[in-house]
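Please open the structure in your viewer and keep the selection panel at hand. We will go from one stop to the next together.

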Amino acid sequence: MPNARVLRDIKARHGVNANEILRRAYLYVARNQTLPAQVRFQAQLQLNTFGRYTRPTTVKNRCIETGRGRGVISEFGLTRFQFRQKALANELPGVHKASW
Amino acid sequence: MFSRSCRSAVSALQRSLRFNSTNSRPPAAATEPTLPTGTPLSQIPDISEPFYASSIVHGRGVRPPHILPKTHGIPAATLHFRSYHPNLLDFFVHFAGHAAAALGIPISKPVHLPTQRRLWTVLRGPFVHKKSQENFERRTHKRVIKAWDAHPDTVDLLVQYLEKHIAAGVGMRAVRWTRAPVGIGAKTVETVRGQLRGSDAVPRAQKVKALGEQIVKEEMKAAAGAPTTEGAVQHTAPSS
């Protein structure tokens, strides 16, 4: 059973995917310098009503084994300790102890 | 792939035979029926199995492949091979060389491109102890073989054969040279435009823009007309 935070992250990813176009449209209006101020302001207010699971900043890479949010190596989706354990067990293709 | 004892035996044999290419071998005895090495398939006459088997150069599969001479120097293909395991890579490149020689394709010797090295330094422990870390690396070894002068169908055959029998752990990429008819530039642009139309990227940007204009219209109407309505507006998910 994945972490509670992992579940939240999954929810955020689904939400971002579903609302990306709508958010971008509102952002386009809100940041457009040529439009009148009131229209931009209204668009910004609408943008504020979106929930937190639609914001792309909520998405964070988490360890696929432990669900830890820090120290994650993106290429493997693993925390540094999990990466070390799997690397020493030869479970990561091509990864070996470096020596030079 | 091989057992430990086999691996060391093969590598020992390879080392001893590395520089004894079939090019420099002395010719076989006159009594034995032989075919010159590198004879293209088209020139081999209809022969029975015993004749062909007795004409095989012993150890040919282990020695470096025969490099056929270029006929015109026109590039046909460039084969890139990448792997994390250099022995496996060299083995498969050796196999690719023999396959090309069997098909009568002049090739270059395998060239070693610079090895890419990816390094990760991680803490040894799961918690604190920053001063004790461990280095892990992953080396990507690369080899290139260039093919010349062959018919495009022959090169197709080589690439398909290699893809079918590729060793697990080796990646191959083939860059091909083909002759194109006059007017190919315009046709290519048209094809690419058609593909763009079908893909997701362009309609998405258009959708965003269209939605934006719609939102602007609504807000302008609301601003120009009665006082603005309070409360959250219904957000409809866009139809994808």
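What follows is a short tour of a predicted model, chain by chain and then across the two.

**Chain A, whole.** Start by colouring chain A by secondary structure: you should find three helices and three strands, in the order α-α-β-β-α-β from the N terminus. Of its 100 residues, 39% are buried.

**The start of chain A.** Now select Met1(A), which sits in the segment before α1 (4-30). Is Met1(A) buried or exposed? With a relative accessible area of 89%, Met1(A) is exposed. Add Leu7(A) and Ile10(A) to the selection, and you have a nonpolar surface patch of about 350 Å².

**A positive patch.** Next, pick Arg5(A), Arg8(A), Lys11(A), Arg52(A) and Arg55(A), which form a positive patch on the surface. One of them, Arg52(A), belongs to the loop that runs between α2 (37-48) and β1 (72-73) of chain A.

**Chain B, whole.** Move over to chain B, where six helices and four strands await. Read from the N terminus, they follow the pattern α-α-β-α-β-β-α-β-α-α. Here 26% of the 240 residues count as buried.

**Into the core.** Select Phe81(B), Ile105(B), Leu158(B), Leu162(B) and Val170(B): these have the most contacts inside the largest nonpolar core, a set of 23 residues. Elements giving two or more residues to this core are β1 (75-83), α3 (86-102), β3 (133-148), α4 (152-164) and β4 (170-176) of chain B. Which element gives the most? That is α3(B), with seven residues.

**Salt bridges.** The count over all chains is 13. Show Arg138(B) and Glu75(A) as sticks; their closest N and O atoms are 2.1 Å apart in a salt bridge. Arg138(B) is in strand β3 of chain B and Glu75(A) in the loop between β1 and β2 (78-79) of chain A, so this pair joins two chains. Arg138(B) counts as buried at 10% relative accessibility, while Glu75(A), at 38%, is partly exposed.

Stay in chain B for Arg117(B) and Glu137(B), a salt bridge with 2.4 Å between the closest N and O atoms. Because Arg117(B) lies in strand β2 (residues 111-123) and Glu137(B) in strand β3, the pair ties together parts 20 residues apart in sequence. Glu137(B) is buried, at 2% relative accessible area, and Arg117(B) is partly exposed at 40%.

**Last stop.** Finally, select Arg84(A), Lys97(A), Arg124(B) and Glu134(B), which a network of salt bridges links together.

Notes. Residues numbered from 1 in each chain as written. Chains lettered and ligands numbered in written order. Predicted model: local features only at pLDDT ≥ 70, side-chain atom pairs only at ≥ 80, totals over all residues. Heavy atoms only, no water. Patch = residues over 30% accessible without salt bridge, like charges linked within 9 Å, V, L, I, M, F, W, Y side chains within 5 Å. Areas by Shrake-Rupley, 256 points an atom, 1.4 Å probe, with all protein chains shown as cover. Salt bridge = Lys/Arg side-chain N within 4 Å of Asp/Glu carboxyl O. Lys, Arg positive; Asp, Glu negative; His and termini not counted. Charge placed at Lys NZ, Arg CZ, Asp CG, Glu CD. Core = buried A, V, L, I, M, F, W, Y, C linked by side-chain atoms within 4.5 Å. Buried < 20%, exposed > 50% of the residue type's maximum accessible area, 1.4 Å probe, protein only.
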